[in-house]
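Visitor: I've never looked at this one before. Could you walk me through the words people use for it?

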Amino acid sequence: MAYKMQGVSPVRTDASVQRLYDRIAGESLGNWLDERVFRLTENSPYRQRAIDQLQLKPGAVVLDLACGAGQNFKLLRAAGAGELVGVDISRRSLQDAAARIRRHGWTNARLLNTPIADFHPEPRFDAALCSFAMCIIPNYEQAVDRLIGALRPGGRWAILCMQPSGKHPLLDSAWAWMNRCYSGGDVRRDVAAYVRAVYGDCHYETCFGGFYYILSGQKIS
Ligand SMILES: C[S@@+](CC[C@H](N)C(=O)[O-])C[C@H]1O[C@@H](n2cnc3c(N)ncnc32)[C@H](O)[C@@H]1O
């Protein structure tokens, strides 16, 4: 098996991630960069591509794992999501998500302030999404297990996150450094290798010049 367990990131713990996101949630430089440079805000074409992979049917029950400020919610709703459950460790980020829900007047959206380690959902979701978090969540293997474990058989999942482009060594080093400094994120994690080793083959595509990837698949049983 090519995959080698990397375990909990030495860089961050759940407690330090929580402190970090309670501090930087809503931070204006981050918002500016997310909108103008990284195209991560709620109309992001990359979010749309990941959500397309979920193939939502109207009224679908959807999990957004590590949902942060709820930047996926608008596109998920537009794609057909009915009941929406967002999970995140950062209370401050969830306050922003709650404000977004109120602003749009959405009903049937629920936010759970809990670390993924303490989230044990019934396998009832039609679709599950995790965006821009697998490089940050300390125990990402557990996060993958929770994401796919939350699905009913036949449910679909998608992961959108950062990676080295593999094309420009200098840019890749700068990208890894920037993510590590800003969020403690490790863009070199091979999430695809873990998914393939444990759950079998999945769809893989890249976007944003190869610096983002989208993994997706279907839970068989
Ligand atoms: C970069 S933000 C991405 C938020 C959102 N998914 C998005 O696409 O905008 C990463 C999020 O992961 C959350 N997170 C990291 N580790 C977590 C954990 N162990 N349990 C729950 N949430 C976690 C952070 O609180 C933060 O909101």
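Guide: Here is a short chat about strands, helices and what they are called; keep in mind that this is a predicted model.

Visitor: What makes strand β5 "mostly covered"?

Guide: Buried means under 20% relative accessible area. In β5, residues 151–162, nine of the twelve residues are buried.

Visitor: How do you know that β4 and β5 pair?

Guide: Two strands pair if there are at least two bridges between them. β4 (residues 125–131) and β5 have six bridges, in the parallel sense, so by that cut-off they pair. In one of these, Ala-128 has Trp-157 of β5 as its bridge partner.

Visitor: And what makes β5 and β7 a pair?

Guide: At least two bridges are needed, and β5 and β7 (residues 212–218) have seven, in the antiparallel sense. Leu-160, for instance, has Ile-214 in β7 as its bridge partner.

Visitor: Which elements make the β-α-β unit?

Guide: They are β4, helix α6 (residues 140–149) and β5, and the unit is right-handed.

Visitor: Why is α6 called oblique to α8?

Guide: Their axes cross at roughly 55°. Angles under 35 degrees count as roughly parallel, and 65 to 115 as roughly perpendicular. The crossing angle of roughly 55° fits neither range, and so α6 is oblique to α8. The axes come within 10 Å, with α8 spanning residues 191–199, and the crossing is right-handed.

Visitor: Which residues make that contact?

Guide: On α6 they are Tyr-140, Glu-141, Val-144, Asp-145 and Ile-148, and on α8 Val-191, Tyr-194, Val-195 and Tyr-199.

How values were computed. Residues numbered from 1 in each chain as written. Predicted model: local features only at pLDDT ≥ 70, side-chain atom pairs only at ≥ 80, totals over all residues. Heavy atoms only, no water. Buried < 20%, exposed > 50% of the residue type's maximum accessible area, 1.4 Å probe, protein only. Helix = DSSP H or I, 4+ residues; strand = E, 2+ residues; numbered from the N terminus. Right-handed = clockwise from strand over helix to strand, strands pointing away. Axes fitted to C-alpha atoms, helices over the stretch in contact; angles between N-to-C directions. Parallel < 35°, antiparallel > 145°, perpendicular 65-115°, else oblique. Left-handed = near helix turned anticlockwise from the far one by under 90°. Contact = heavy atoms within 4.5 Å.
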